[in-house]
Every structure is written in C-alpha cells, then in structure tokens.
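Reader: I'm more at home with a pipette than with coordinates. Could you walk me through how to read a structure like this one?

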Amino acid sequence: MRIWAIANQKGGVGKTTTTLSLGRGLAARGHKVLLIDLDPHSSLTRAFGVPLEPVPQGVQELFATPPHEIASLSRASDIPGLDYLCAQASLATLERRSANQPGLGLALQQAFARHGDRHDYILLDCAPTLGLLMINALAAADRLIIPTQAEPLALHGLEGMVRTGEMVERSRKRALPISVLPTLFDRRTRAGNETLKQMQDRHGARVWEDAIPVDTRISHAAGLTQPMQGDDYPGRGHAAYRRALEWILGEDGRALEQEAA
Ligand code: ADP
Ligand code: MG
C-alpha cells in the first residue's frame with residue numbers, strides 16, 4: 001500500500017481536483033484506491049454527492065477512543081475500485097477538543113497499519129491548515145504531492161509546504177519524497193511561464209516538467225466522481241493529469257527501489 005498526501009498550505013491551488021484526478025487514474029489502471037477527505041470544508045465529500053447534513057461518518061471517527069476502522073467508514077464510489085472517506089466540519093476543532101489526548105499525531109498512521117493492504121493506494125486530500133490533520137497526513141505519507149498554482153503569489157506557499165515536508169522527514173527519520181505539480185497553468189501569460197521556470201530552477205527534479213493547464217472541463221469536481229465515458233474524459237486538462245500520474249508513478253517506483261537497496 002502506498003500513501004500519498006496531497007497538500008499545500010494555500011487554498012484554491014487544485015488539491016482536491018488533483019486528489020480526484022490521480023485517484024481516478026489509479027482506479028482506471030485497476031488499482032484499489034481510497035481517497036480521504038481531510039479538509040473540514042469537505043469539498044471532496046461533496047464531490048461524491050454526500051450531503052453534509054446529517055453529518056456523515058468519516059475521518060473524525062479515526063480519532064475517537066477507541067477509533068473506528070477505515071473499512072467500516074469508507075464508501076464505494078460509482079467508479080469501480082475507487083472508495084472514499086468523508087470529512088466533517090467538526091474536524092476544524094479536533095485539535096482543540098483533543099488537546100489532552102497524547103499520541104494523536106499518529107492516529108492516521110495507526111489506522112492505516114490496522115487497515116493493512118485492502119487498498120493499493122490511499123490519497124489524502126489535506127486542508128490548507130498546518131495542524132493536527134496535516135501532521136497526521138505527513139507522518140503517514142510515503143510521498144508528499146504539492147499542487148501549486150503557476151503564478152507568482154503561489155511561490156511563497158510552495159516554499160512553506162516544502163519546508164514543512166522536510167521538517168517532518170527529519171523528525172520521523174524516514175524519507176518523504178516530494179513531487180511538485182504546477183496547476184491552473186495559463187501558457188499565454190508571461191507571469192505563468194516565468195513562475196514555472198522559477199519553480200523548476202529552485203526545486204529541480206522535484207517539479208514536474210509539464211503543468212496542468214486551466215481547463216473548464218476539469219473545473220466541475222462532481223464530474224470527476226462519475227464513471228468514465230469511453231476510455232476517459234476528453235480534454236487537455238485530463239490528458240495532463242494522466243501524464244502527471246505517469247510521472248509520479250515513475251518517481252514512486254524509483255523511491256521504492258532506493259528504499260529496498
Ligand atoms: P483546493 O483543493 O486546493 O482548494 P480545488 O481543487 O478545489 O483547490 O480547485 C480550486 C478551484 O479551481 C475549483 O473550483 C476547481 O474546480 C478549479 N480548478 C482546479 N484545477 C483546475 C484546472 N486545471 N482548470 C480549471 N479549473 C480548475
Ligand atoms: Mg480542497
């Protein structure tokens with residue numbers, strides 16, 4: 001089982017869209033995939049058509065005493081092989097409510113260990129807040145995927161997220177490879193092209209050499225939870241996400257080889 005955390009301390013950079021697109025792509029390749037919504041705003045949960053009232057069972061229950069099991073909380077989507085686990089608005093105050101419960105930083109990791117190999121991939125759609133949920137995700141992850149808008153104002157958020165990933169890597173003493181995915185790219189703008197170049201200069205091979213273009217055909221998140229029409233959705237945006245997945249799988253394979261060596 002491989003666990004990928006999709007995170008950026010900035011909102012609106014394509015985290016949820018990336019989680020859905022990569023998850024669909026993995027399922028299309030025949031993998032068993034679980035997407036976990038770790039954002040109290042519940043965009044991923046809503047994309048699967050789950051009403052927020054009554055409050056669905058989900059992530060919160062992994063932090064209960066005793067914790068529930070992932071298998072009893074996850075739901076099957078309409079896409080074969082793609083399961084998901086809901087977020088709840090109350091996740092926003094989880095940290096405050098559980099201040100005197102030690103060891104909660106590893107709750108997710110422990111839940112995944114108990115879950116075993118029921119899924120081949122678990123993708124974590126993180127909230128832009130650096131708190132208990134993000135720390136849980138990074139502690140458990142085999143890879144940190146940072147979607148980042150290809151525009152100057154987003155560079156700062158990218159730096160912060162890379163630093164956070166490196167900090168977690170040092171404290172847990174296990175490699176946390178980083179993949180930076182430029183998103184919402186408009187190749188007609190000079191700012192977009194210059195930002196892309198800056199990211200590549202600064203972060204080298206960690207950055208995907210291509211970028212996910214702005215494409216209205218992927219802007220409707222709920223569409224991404226519907227079964228594919230024919231082979232897959234048409235359009236440049238979806239095609240770019242398929243190439244991005246190829247790249248990440250290649251990087252992941254190399255990282256696994258290094259771990260084994
Ligand atoms: P985050 O999870 O980081 O907040 P989202 O994935 O929700 O970001 O994306 C923010 C908004 O941008 C959403 O409305 C989404 O549909 C839209 N969006 C994301 N990626 C693209 C894209 N490549 N082209 C067009 N719209 C996009
Ligand atoms: Mg989101």
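**Reading the model step by step**

Author: Sure, let's start with confidence. This is a predicted model, and its protein chain has a mean pLDDT of 94, with 98% of the residues at 70 or more. The scores for the model are ipTM 0.99 and pTM 0.97.

Reader: And what should I do where pLDDT is low?

Author: In such places the predicted coordinates should not be read in detail.

Reader: Okay. Which residues come nearest to ligand 1?

Author: Gly14, Lys15, Thr16, Thr17 and Ser219 do, out of 18 residues around the ligand. By class, the shell has 10 polar, six nonpolar and two charged residues. Helix α1, residues 15-28, is the top contributor to that shell, giving three residues.

Reader: Does a record say anything? I mean, what does UniProt annotate over residues 1-176?

Author: An unreviewed UniProt entry has "domain: AAA" there. In the model, that stretch is 36% helix and 17% strand, and its end C-alpha atoms sit 15 Å apart.

Reader: Now strands. Which way do the side chains of β4 point?

Author: The general idea first: in a regular strand, side chains alternate between the two faces of the sheet. In β4, residues 82-85, Leu82 and Tyr84 point one way, while Asp83 and Leu85 point the other way. All four are buried.

Reader: Which strands pair with β4, and in what sense?

Author: Strand β2, residues 33-38, runs parallel to β4 and is joined to it by four bridges. Strand β3, residues 75-76, pairs with β4 in the antiparallel sense over two bridges. Tyr84 is a handy landmark here: Leu35 stands opposite Tyr84, and Arg75 also stands opposite Tyr84.

Reader: What links β3 to β4?

Author: The two form a hairpin, with five residues between them. In the turn, Gly81 has a positive phi of about 90°.

Reader: Let's try a loop residue. Where does Leu52 lie?

Author: Leu52 is in the loop between α2 (43-47) and α3 (70-73).

Reader: Why does Leu52 count as partly exposed?

Author: You count C-beta neighbours: 20 or more within 10 Å would make a residue buried, and 12 or fewer would make it exposed. Leu52 has 14 inside 10 Å, so it counts as partly exposed.

Reader: What does Leu52 touch?

Author: Leaving out residues up to four places away in sequence, Leu52 touches Ser42, Arg46 and Ala89. As for Met161, which is 109 residues from Leu52 along the chain, the C-alpha atoms of the two are separated by 29 Å.

Methods:
Residues numbered from 1 in each chain as written. Chains lettered and ligands numbered in written order. Predicted model: local features only at pLDDT ≥ 70, side-chain atom pairs only at ≥ 80, totals over all residues. Near = placed C-beta within 6 Å. Nonpolar A, V, L, I, M, F, W, Y, C, P; charged D, E, K, R; others polar. UniProt positions renumbered as here; feature names shortened; annotations may be inferred. Pairing = 2+ DSSP bridges. pLDDT = per-residue confidence, 0-100. Contact = placed C-beta atoms within 7 Å.
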